[in-house]
Amino acid sequence: LVDKRQIEKLTDAERQVVTHLVAGSTNGDIARRRGTSENTVANQVYAIFLKLGVHSRAELAARLQASV
């Protein structure tokens with residue numbers, strides 16, 4: 001599960017990236033939609049994984065779904 005306090009640790013940009021990740025978007029897709037580089041998105045994904053204690057997009061989606 002993902003605790004509400006963990007979500008609150010994410011920046012606004014990271015929360016936006018999470019929304020795209022759980023929708024199945026690639027880093028490239030997210031970068032284009034947000035007007036940033038793929039490297040920026042990759043760094044944000046890494047930070048999200050660290051902050052939420054997950055190791056993959058699938059784990060992120062499953063833990064968020066279980067938290068709802």
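Helices here are DSSP runs, H or I, of at least four residues, and they are numbered from the N terminus. With this in mind, glycine 35 can be placed just after H3, where the residue takes a positive phi of about 70 degrees. The model used in these exercises is a predicted one.

**Exercise 1. The two sides of H3**

Find which residues of H3 are buried, decide how they are arranged around the axis, and identify what covers them.

*Solution.* Begin with the cut-off, because a residue counts as buried when its relative accessible area is under 20% and as exposed when it is over 50%. In helix H3, which runs over residues 27-34, the buried residues are Asn27, Gly28, Ile30 and Ala31. These residues span an arc of only 160 degrees around the axis, which means that they lie on the same side of H3. In general, an α-helix has 3.6 residues a turn, so residues three or four places apart point the same way. Turning to the face directed away from the buried side, we find the exposed residues Arg32 and Arg33. Finally, the cover over the buried residues of H3 includes helix H2 (12-22), helix H4 (38-52) and helix H5 (57-67).

Asparagine 27 serves as a check on this picture: it belongs to H3, and because its relative accessibility is 18%, it counts as buried. If neighbours within four places in sequence are left aside, asparagine 27 is in contact with Glu38, Val41, Ala42, Val45 and Arg57.

**Exercise 2. Two helix pairs**

Describe how H4 packs with H5, and then how H2 packs with H5.

*Solution.* Two packed helices are described by the angle between their axes and the distance between the axes. For the first pair, the axes of H4 and H5 come within 11 Å and cross at roughly 50 degrees, and this angle makes H4 oblique to H5. The crossing of these two helices is left-handed. On the H4 side the contact is made by Val45, Phe49 and Leu52, and on the H5 side by Arg57, Leu60 and Arg63. Sorted by class, the contact of H4 with H5 has four nonpolar residues, no polar ones and two charged ones.

For the second pair, the axes of H2 and H5 are 10 Å apart and the helices pack at an angle of about 100 degrees. Angles of 65 to 115 degrees count as roughly perpendicular, and H2 and H5 are therefore roughly perpendicular to each other. Here Val18, Leu21 and Val22 of H2 meet Arg57, Leu60, Ala61 and Leu64 of H5. The residues of this contact divide into six nonpolar, no polar and one charged.

**Exercise 3. Two residues of H4 and one of H5**

Decide whether glutamine 44, isoleucine 48 and alanine 62 are buried, partly exposed or exposed, and list what the first two touch.

*Solution.* Glutamine 44 sits in helix H4, and because its relative accessibility is 12%, it counts as buried. Not counting residues up to four places away in sequence, glutamine 44 touches Ala13, Glu14, Val17 and Arg34.

Isoleucine 48 also lies in H4, and with a relative accessible area of 0% this isoleucine is buried. Under the condition that residues up to four places away are not counted, isoleucine 48 touches Leu10, Glu14, Val17, Val18 and Leu21. Although isoleucine 48 and leucine 21 are 27 residues apart in sequence, their C-alpha atoms are 11 Å apart in space.

Alanine 62 is part of helix H5, and at 45% relative accessibility it counts as partly exposed. The C-alpha atoms of alanine 62 and valine 17, which are 45 residues apart along the chain, are separated by 16 Å.

Definitions and conventions: Residues are numbered from 1 along each chain as its sequence is written. This is a predicted model: local features need pLDDT of at least 70, side-chain atom pairs count only at pLDDT 80 or more; totals for chains, interfaces and linings use all residues. Side-chain values use heavy atoms; hydrogens and water are left out. Buried means under 20% relative accessible area, exposed over 50%, partly exposed in between (1.4 Å probe, protein chains only). The arc is that of the directions from the helix axis to the C-beta atoms. Contact means heavy atoms within 4.5 Å. Axes are lines fitted to C-alpha atoms, for helices over the stretch in contact, and angles run from 0 to 180 degrees between N-to-C directions. Angles under 35 degrees count as roughly parallel, over 145 as roughly antiparallel, 65 to 115 as roughly perpendicular and the rest as oblique. A crossing is left-handed if the near helix is turned anticlockwise from the far one by less than a right angle, and right-handed if clockwise. Ala, Val, Leu, Ile, Met, Phe, Trp, Tyr, Cys and Pro count as nonpolar, Asp, Glu, Lys and Arg as charged, and the others, Gly among them, as polar.
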